[in-house]
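User: Can you walk me through this one? I'd like the overall picture, then whatever stands out on the side chains.

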Amino acid sequence: MLRRHDPTDADATGLDATGLSDLTAPLDVGGEAAAGGRSAAHEHASLLGRALVAWTRLCLRAPVAIVLGAVISAVAAGVWTSQSLGYKVSRIDLLDPKSDYNKLWIDYIK
């Protein structure tokens, strides 16, 4: 049966009394939380797993800065691409100038 969402219900929102979620609490992976508050899977997390958890927490703490950084890097990449993108349509430009066949072709057209 579906339950209606109540934003004032602290249990449903996962927020503490201050209205903020605890971002520093260890993750309960697979519901195997030990008595010490850490699961067995979390204790043996890889370096990549820990880095992803840290990145996620950073994104949750400063979402505006993350989106702003993404927009700035996208604009910078677009400007760099528009400045440096070029086309080579000549047959000589498309072939390796060090190949024997291309050297013979260059000699032929001269």
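**Chat notes on the model**

Analyst: Sure. Keep in mind that this is a predicted model. Among contacts in the protein chain between residues at least 6 apart in sequence, 21% join residues at least 24 apart.

User: How many helices and strands are there in the protein chain?

Analyst: Six helices and zero strands. Along the sequence that reads α-α-α-α-α-α.

User: And what share of the residues counts as buried?

Analyst: Just 3% of the 110 residues in the protein chain. Its accessible surface comes to about 9,600 Å², and carbon and sulfur atoms account for 64% of that.

User: Which residues form a nonpolar patch on the surface?

Analyst: Val67, Val71, Val75 and Val79. Together they have about 340 Å² of accessible area.

User: Where is Val75 found?

Analyst: In helix H4, which covers residues 63–84.

User: Switching to rings. How many aromatic pairs does a search of the whole structure find?

Analyst: One. The partners are Trp105 and Tyr108, with ring centres 5.6 Å apart.

User: Why is the pair called tilted?

Analyst: The ring planes of Trp105 and Tyr108 sit at 35°. Planes under 30 degrees apart would count as stacked and over 60 as edge-to-face, so this pair lands in the tilted class.

User: How do they sit along the helix?

Analyst: Trp105 and Tyr108 are three residues apart in helix H6 (residues 100–109), so about one helical turn separates them.

User: Is Tyr108 buried or exposed?

Analyst: Exposed, with a relative accessible area of 64%. Trp105 is partly exposed, at 28%.

Technical notes. Residues numbered from 1 in each chain as written. Predicted model: local features only at pLDDT ≥ 70, side-chain atom pairs only at ≥ 80, totals over all residues. Heavy atoms only, no water. Helix = DSSP H or I, 4+ residues; strand = E, 2+ residues; numbered from the N terminus. Buried < 20%, exposed > 50% of the residue type's maximum accessible area, 1.4 Å probe, protein only. Contact = heavy atoms within 4.5 Å. Areas by Shrake-Rupley, 256 points an atom, 1.4 Å probe, with all protein chains shown as cover. Patch = residues over 30% accessible without salt bridge, like charges linked within 9 Å, V, L, I, M, F, W, Y side chains within 5 Å. Salt bridge = Lys/Arg side-chain N within 4 Å of Asp/Glu carboxyl O. Phe/Tyr/Trp six-rings, centres within 6.5 Å; stacked < 30°, edge-to-face > 60°.
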